[in-house]
Amino acid sequence: MNSAHLPEGYSEYKSVDLAKNKSEMLTVNLAALLLGAVMVVPAALLMPFPKIFDNFIQHLPVVLLFFASLIIYILLHEAVHGIFMKRYSKVKPFYGLKGIMYAYAGSTAFFDKRSYLVISLAPVVLLGLVLVLLNLLVPLDWFWFVYIIQVVNISGAAGDLYVMNMICKCPDDILVNDSGVSMKIYSASAI
């Protein structure tokens, strides 16, 4: 039961604000680093790094293309969150940046547990599949170009995975309001 407004009988059950809760932020950032390392180390043993690092200036257009691709990836990640928010609530999402590190999609709507789990996982799953296909299609010289974006996809979703884990432990009747930088979880049964 997704809703544009909080139904009667619901009260705040839990809130999450990774920017304000330093312990949670540290946990998420360490998880992101660990996920990244787990992906990069074995791949580096199997696939040598490209020669791009030998002559950086000569490869500057590729480096600039890589950073442009990362920005496009981040925008697509948040757009996918927003598309699913809109799909489940019919409420227009909003987007923003918190500092230089955190892009976000948010909504004024309230999402049920199942819908919010889909909203949380949609970008990492959908974009992850696209990136796997790209990695299989590009020449080997471009492996790391695509794979690093996949590493950002998986490790960058540490916050989404953290929240998803927390949501799974909540009562089934919860409604989640995600403002993009923080979220509040409401329940009618758990006080």
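How many helices and how many strands are there in the chain? Colour the model by secondary structure and count: you should get five helices and six strands. Keep in mind as you click around that this is a predicted model.

**Stop 1: the whole chain**

Start zoomed out, with just the C-alpha trace showing. Along its principal axes, that trace spans about 65 × 30 × 30 Å. Now walk along from the N terminus, and you'll meet the elements in the order β-α-α-β-β-β-α-α-α-β-β.

Next, switch on the surface. The accessible surface comes to about 11200 Å², and 71% of it belongs to carbon and sulfur atoms. As for what is tucked away, buried residues make up 41% of the 191 residues in the chain.

Contacts are worth a look too. Take those between residues at least 6 apart in sequence: 68% of them join residues at least 24 apart.

**Stop 2: the charges**

Select the charged side chains and colour them by sign. There are 13 positive and 12 negative ones, and the centres of the two sets lie 3 Å apart. Side chains of opposite charge can pair when their charged atoms come close. How many salt bridges does a search of the whole structure find? The search turns up two, and we'll visit both.

**Stop 3: Lys-184 and Glu-12**

Select Lys-184 and Glu-12 and show their side chains. They meet in a salt bridge, with 3.7 Å from N to O. Lys-184 sits in strand β6 (residues 183-187) and Glu-12 in strand β1 (residues 11-16), so this pair ties together parts that are 172 residues apart in sequence.

Are these two partners buried, exposed or partly exposed? Lys-184 is partly exposed, at 36% relative accessible area. Glu-12 is partly exposed as well, with a relative accessibility of 42%.

**Stop 4: Asp-172 and Lys-113**

Now select Asp-172 and Lys-113. Their side chains form a salt bridge too, at 3.3 Å from N to O. Where does each partner sit? Asp-172 is in the loop between α5 (158-168) and β5 (175-178), while Lys-113 belongs to helix α3 (residues 113-137). The pair links distant parts of the chain, 59 residues apart.

Turn the surface back on for this pair. Asp-172 has a relative accessibility of 68%, so it counts as exposed. Lys-113 comes in at 11%, so that residue counts as buried. Here, then, an exposed Asp-172 pairs with a buried Lys-113.

Methods: Residues numbered from 1 in each chain as written. Predicted model: local features only at pLDDT ≥ 70, side-chain atom pairs only at ≥ 80, totals over all residues. Heavy atoms only, no water. Salt bridge = Lys/Arg side-chain N within 4 Å of Asp/Glu carboxyl O. Helix = DSSP H or I, 4+ residues; strand = E, 2+ residues; numbered from the N terminus. Buried < 20%, exposed > 50% of the residue type's maximum accessible area, 1.4 Å probe, protein only. Contact = heavy atoms within 4.5 Å. Areas by Shrake-Rupley, 256 points an atom, 1.4 Å probe, with all protein chains shown as cover. Lys, Arg positive; Asp, Glu negative; His and termini not counted. Charge placed at Lys NZ, Arg CZ, Asp CG, Glu CD.
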